[in-house]
2 protein chains.
Amino acid sequence: MAGLTAPLLGLEKKSLREQALSALRTAITSGELEPGRHLVETELSDMLQISRGTLREALRQLEQEGLLAAGPRGRLSVRHLDAKEIRDIFAVRAALESLAARSLCELPDRAHVTSSLRSAIEAMAAAAEGSLEGRIESDLEFHRTLCRLTGNETLLHSWESLEGSIRMSIMYAGVERAVSNMSVDRHYDIVRAIESGDATLARQTILEHMDGAAANLVA
Amino acid sequence: MAGLTAPLLGLEKKSLREQALSALRTAITSGELEPGRHLVETELSDMLQISRGTLREALRQLEQEGLLAAGPRGRLSVRHLDAKEIRDIFAVRAALESLAARSLCELPDRAHVTSSLRSAIEAMAAAAEGSLEGRIESDLEFHRTLCRLTGNETLLHSWESLEGSIRMSIMYAGVERAVSNMSVDRHYDIVRAIESGDATLARQTILEHMDGAAANLVA
DNA sequence: AACACGCCAACGGTTGACAGTAGATTGTCA
DNA sequence: TGACAATCTACTGTCAACCGTTGGCGTGTT
């Protein structure tokens, strides 16, 4: 039959909790829920049309991702990032991604890796004329891919735990300022460094890339 | 009054959820709940004397910490680590701690930092003749302190998210094997490197320390 | 052996309730 | 009027009981 509903591609049906999670994450990292905003469980469960219990599970996760801050008596509010925190987040991100770059350099067969990365960059190039959101999305996808290709699940997971904070930093610092650092060339530098197999160079390239990004954000 | 129950020192009363979280974490990282063990919500909520809802919140968190693995249909089981995963975990840990070491080197006033670290090492030395658990505990405390002293909350948080996995690695590889790498000298090396202010040296020292630890664990 | 049926375990999710508590509101009195 | 006490309100923490689904398993039938 042709009238299939959804599960064609890897689009597995998500649990309500996961849907709520995505919805809230998006709302926060898009600024729809402003930093500092106080969250009320009943309000949210009502908006999202889910029960309080299910919602609370999602909230716990967002809290651990650093998107929510816990106040006294379990009061939650949208986290507010200052310049130092943004720098701190990017320092950790840099540490993780430089590990990724180093790991990839040590792989015997890097052809597959570099070709995946080049595809990701091409996607960025294709999005270069599109919306700011699209550019950010494709940039993050490149960096996520970098981590994924290492095959180090822990590394990928740590990076993804940070992703929300990264998005918040970008949103907080202003999207225009963020994209200004996402040149296609800079990313090719990274791929070339990995291709060369020089772990030190690859690490250095990533560190500079992240340093530039962070400096740009909090400029 | 002398008959106080608990809240004397910073021991704030924890919510049931937090208590359950600690209890489960301990049970898992101590091996009381063996790797691969299938968890049943009602069973646990029953054992811990808490409601299923409250328990589920704790489980979600453990899942995110990588202590639990999700199977089909939400089935949870205690995660099982193989040698590669242990190496991966320690690679990420090394990346985080080397960032910590580098950051500390850049601090203008390192006297306070190094003295805190030396205290932590003395605690290790004091525990050196004690139980294996005590030695592990003081070793982890040293490394956690390393991260905390940077003042980078994100870094500390990332490290702590990994702590459960680290403990599991140690338990899984055998506690005796783990402590064999925890010499007091090696830790003084780290402090001295930081003291010297040489970021590259400090980073290198940490990387070697972690490399040795990981190699020892999966030997 | 293969299939069908029915039972059961376990999870995802819901509802409704209740206690505790910090803050806001209102009432009271000097 | 201003300060203080009593009260109310808004939330969170936690619980108990329940429904609908799904897949595993044993049993029986052919």
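Hi everyone. Let me start with a definition: a residue counts as near a DNA strand if one of its heavy atoms lies within 4 Å of that strand. What you see above is a predicted model, and I'd like to walk you through how the protein meets its DNA.

With that definition in hand, let's take DNA strand D. It is surrounded by 17 residues, and the closest are R52(A), R56(A), L16(B), S51(B) and R73(B). Of the strand D atoms that come within 4 Å of the protein, 77% belong to sugar and phosphate. Which elements supply this surface? Helix α3 of chain A, plus α1 (16–29) and α3 of chain B, each give at least two residues. Sorted by class, we have eight charged, five polar and four nonpolar residues near strand D.

Now for some individual contacts. A backbone N or O atom of L16(B) sits 2.4 Å from a phosphate oxygen of strand D. On the chain A side, R73(A) places a polar backbone atom 3.4 Å from a sugar or linking oxygen of strand D, and R75(A) has a polar side-chain atom 3.5 Å from a sugar or linking oxygen of that strand.

Over to DNA strand C. Among the 17 residues around it, L16(A), S51(A), T54(A), R73(A) and R56(B) come nearest. Here sugar and phosphate make up 80% of the strand C atoms within 4 Å of the protein. The side chain of S51(A) has an N or O atom 2.8 Å from a phosphate oxygen of strand C. Chain B joins in through its backbone: an N or O atom of E41(B) is 3.2 Å from a phosphate oxygen, while one of R73(B) is 3.4 Å from a sugar or linking oxygen.

So how do the two protein chains relate? Chain A can be laid on chain B by a turn of 180° with a shift of 0.0 Å along the axis, and the RMSD is 0.1 Å. The two copies are therefore related as by a two-fold rotation axis. They also use the same surface, with 96% of the contact residues of chain A recurring in chain B.

Last stop, the sheet in chain A. It is open and antiparallel, with three strands in the order β1-β3-β2. Because β1 (38–39) and β2 (68–70) stand at the edges with a single partner strand each, one side of each has no neighbour in the sheet. Two bridges link β1(A) to β3 (residues 76–78), and L39(A) has L76(A) as its bridge partner. Finally, α3 (residues 52–64) of chain A lies across β2 and β3, at about 95° to β2(A). Thanks for listening!

Terms used: Residues numbered from 1 in each chain as written. Chains lettered and ligands numbered in written order. Predicted model: local features only at pLDDT ≥ 70, side-chain atom pairs only at ≥ 80, totals over all residues. Heavy atoms only, no water. Least-squares fit on C-alpha atoms with pLDDT ≥ 70 in both. Contact = heavy atoms within 4.5 Å. Pairing = 2+ DSSP bridges. Helix = DSSP H or I, 4+ residues; strand = E, 2+ residues; numbered from the N terminus. Axes fitted to C-alpha atoms, helices over the stretch in contact; angles between N-to-C directions. Polar contact = N/O pair within 3.5 Å; in protein donor to acceptor, adjacent residues only side chain to side chain. Nonpolar A, V, L, I, M, F, W, Y, C, P; charged D, E, K, R; others polar.
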